[in-house]
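Student: I have a structure in front of me and would like to learn how to read it. Where do we begin?

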Amino acid sequence: MRFIKTFFLFFLLTQSLIAISSAQDSTIAPRKKRAFLVLPLVINTPETKFGGGALGTVIFKIGKDTSVRSSNVQSFIIYTQRKQIVVESGGGLFFKKENYIVKWFGTYSYFPDRFYGLGNNTPKSNMETYTYRQIYLTSQYMRKIYKKLYGGFDYELQDVISLDYEPGGLFDQENILGRNGGTGSGLGPLIAWDNRNNAFYPTKGAYLQVSYVLFRNIFGSNFKFQTNFFDFRKFIKLGGQNVLALQLFSQITSGDVPVRNLSYIGGPFIMRGYYLGRYRDNNAIAIQSEYRMRVWRRFGAVAFAGLGEVSQQLKDYSINGLKYSLGAGIRFAIVPKESINLRVDFAIGKNSSGFYLYLTEAF
């Protein structure tokens, strides 16, 4: 019944979006290469259940060079069945000849959440509820070094204003760092390779980002730690509009890492089918694949699979510790020209499952 309810809602949304985006197409001025999109937003994830709000997006070209990929700025506000509030803004700017790229993503969250403890084998019976209020920001500034190779720096801020939990529970028993809130603020270098043909729905090319962020008092951090981030994506066109998308992701942290900065798997992007942060520890690794196909007009379909796990130390990774993610989904092109999709996915994991109604692709 839940799947039928989700699919029915998805169907109703696509019908209204056809009218909205068709009208939107007529407002795009060819000379300015600019499009605006304002619409009601509905999401569904295991973390939020259903949520509703509003989304605003502007898509535009910087300069007259049509070979430069489209830039975008997107903001939304959402309220969920779990009484969560999320205000989010983000985007990416591609400047002349793509010599410079700027990306950012920021949120304010009031979020009743779940905590299962740390580690790759925490039982469901561990589950405790807690509520956090936080401001999160990540921003990246990149300059072209050679062809599609970029260098720059990555700034990250996670300011946990409050974290409310039941005293004497897991947070206290495991002496979880950051359970009283605090600020993680860090800066570090990054290097990236990006020759994707589209930032929203690539059909060919590759993306690689490697960064090292150092969190220290000099940057305003209450905690002393470091994060190594690796994200590689490859997109292979298989004929027609069918695409095989692959991703290898890892995050390695060390030092005095607060709980909200720890690595994790789960959520709408990494290892769908698991509650976001269901497994959380110093290190996380995941490999994902997705077969994407255009079915009819604006509608598409996908099938995906993934493997991932978390660990306290790198030597703790093992084949037996891998979690799996399997699923399928439907796509609807809200802005066909830019390949911006609404997606609904159903995924299963090890003793876990989830429905996702979301904008844009998982990776």
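Tutor: We begin with a term: strands here are DSSP runs of type E with at least two residues, numbered from the N terminus. Note also that this is a predicted model. With that term we can place Met271, which is found in the loop between strand S12 (263–265) and strand S13 (279–281).

Student: What is the phi of Met271?

Tutor: The general idea comes before the case. Most residues other than glycine have a negative phi. Met271 is not a glycine, yet its phi is positive, about 65 degrees. Its relative accessibility is 0%, so Met271 counts as buried.

Student: Where is Lys49, and is it buried or partly exposed?

Tutor: Lys49 has its place in strand S2. Its phi is also positive, near 55 degrees. Lys49 counts as partly exposed because its relative accessibility is 36%.

Student: How do I read the pairing of strands, for example S6 with S7?

Tutor: Look at the direction and at the bridges. Strand S6 (residues 128–146) and strand S7 (residues 149–165) are antiparallel and pair over 16 bridges. Within this pair, Tyr141 of the one strand stands opposite Phe153 in S7. The two strands form a hairpin with two residues between them, and Lys147 in the turn has a positive phi of about 50 degrees. On to the next partner: S7 is joined by 12 bridges to strand S8 (residues 182–194), again in the antiparallel sense. There, Gly152 stands opposite Leu190 in S8.

Student: How many residues does the largest nonpolar core have?

Tutor: The general idea is that in soluble globular proteins, nonpolar side chains tend to be buried together. In this model the largest nonpolar core has 37 residues, and Leu41, Phe115, Tyr130, Leu163, Phe171 and Ile334 have the most contacts inside it. Strand S1 (residues 34–45) gives the largest share of this core, five residues. A second, separate core has 10 residues, among them Phe229, Phe249, Ala286 and Val310.

Student: Which residues is Leu163 in contact with?

Tutor: Setting aside neighbours within four places in sequence, Leu163 is in contact with Tyr130, Thr131, Tyr132, Phe171, Gly178, Arg179 and Val259.

Student: What about a charged residue such as Arg69: is it buried or exposed?

Tutor: Arg69 lies in the loop between strand S2 (49–60) and strand S3 (71–80). Arg69 counts as buried because its relative accessibility is 7%, and buried means under 20%. Its side chain makes a polar contact of 3.1 Å with the side chain of Asp194. Not counting residues up to four places away in sequence, Arg69 also touches others, including Phe94, Glu98 and Asn197.

Student: How many salt bridges are there?

Tutor: The count is 14. To read one, find the two residues, then ask where each of them lies. Asp345 forms a salt bridge with Arg272, with the closest N and O atoms 2.9 Å apart. Asp345 lies in strand S17 (residues 340–349) and Arg272 in the loop between S12 and S13, so the pair ties together parts that are 73 residues apart in sequence. Asp345 is buried, at 1% relative accessibility, and Arg272 is buried, also with a relative accessible area of 1%.

Student: What about the pair Lys315 and Asp316?

Tutor: Their closest N and O atoms are 3.7 Å apart. Lys315 is exposed, with a relative accessible area of 65%, whereas Asp316 counts as partly exposed at 34%. Elsewhere, salt bridges that share partners join Arg272, Glu290, Arg292, Arg331, Arg343, Asp345 and Glu361 into one network.

Conventions:
Residues are numbered from 1 along each chain as its sequence is written. This is a predicted model: local features need pLDDT of at least 70, side-chain atom pairs count only at pLDDT 80 or more; totals for chains, interfaces and linings use all residues. Side-chain values use heavy atoms; hydrogens and water are left out. Two strands pair if DSSP finds at least two bridges between them. Helices (H or I, at least four residues) and strands (E, at least two) are DSSP runs, numbered from the N terminus. A nonpolar core is a set of buried Ala, Val, Leu, Ile, Met, Phe, Trp, Tyr and Cys residues joined through side-chain atoms within 4.5 Å. Buried means under 20% relative accessible area, exposed over 50%, partly exposed in between (1.4 Å probe, protein chains only). Contact means heavy atoms within 4.5 Å. A polar contact is a pair of N or O atoms within 3.5 Å; within protein, one must be able to donate a hydrogen and the other to accept it, and residues adjacent in sequence count only if both atoms are side-chain atoms. A salt bridge is a side-chain nitrogen of Lys or Arg within 4 Å of a carboxyl oxygen of Asp or Glu.
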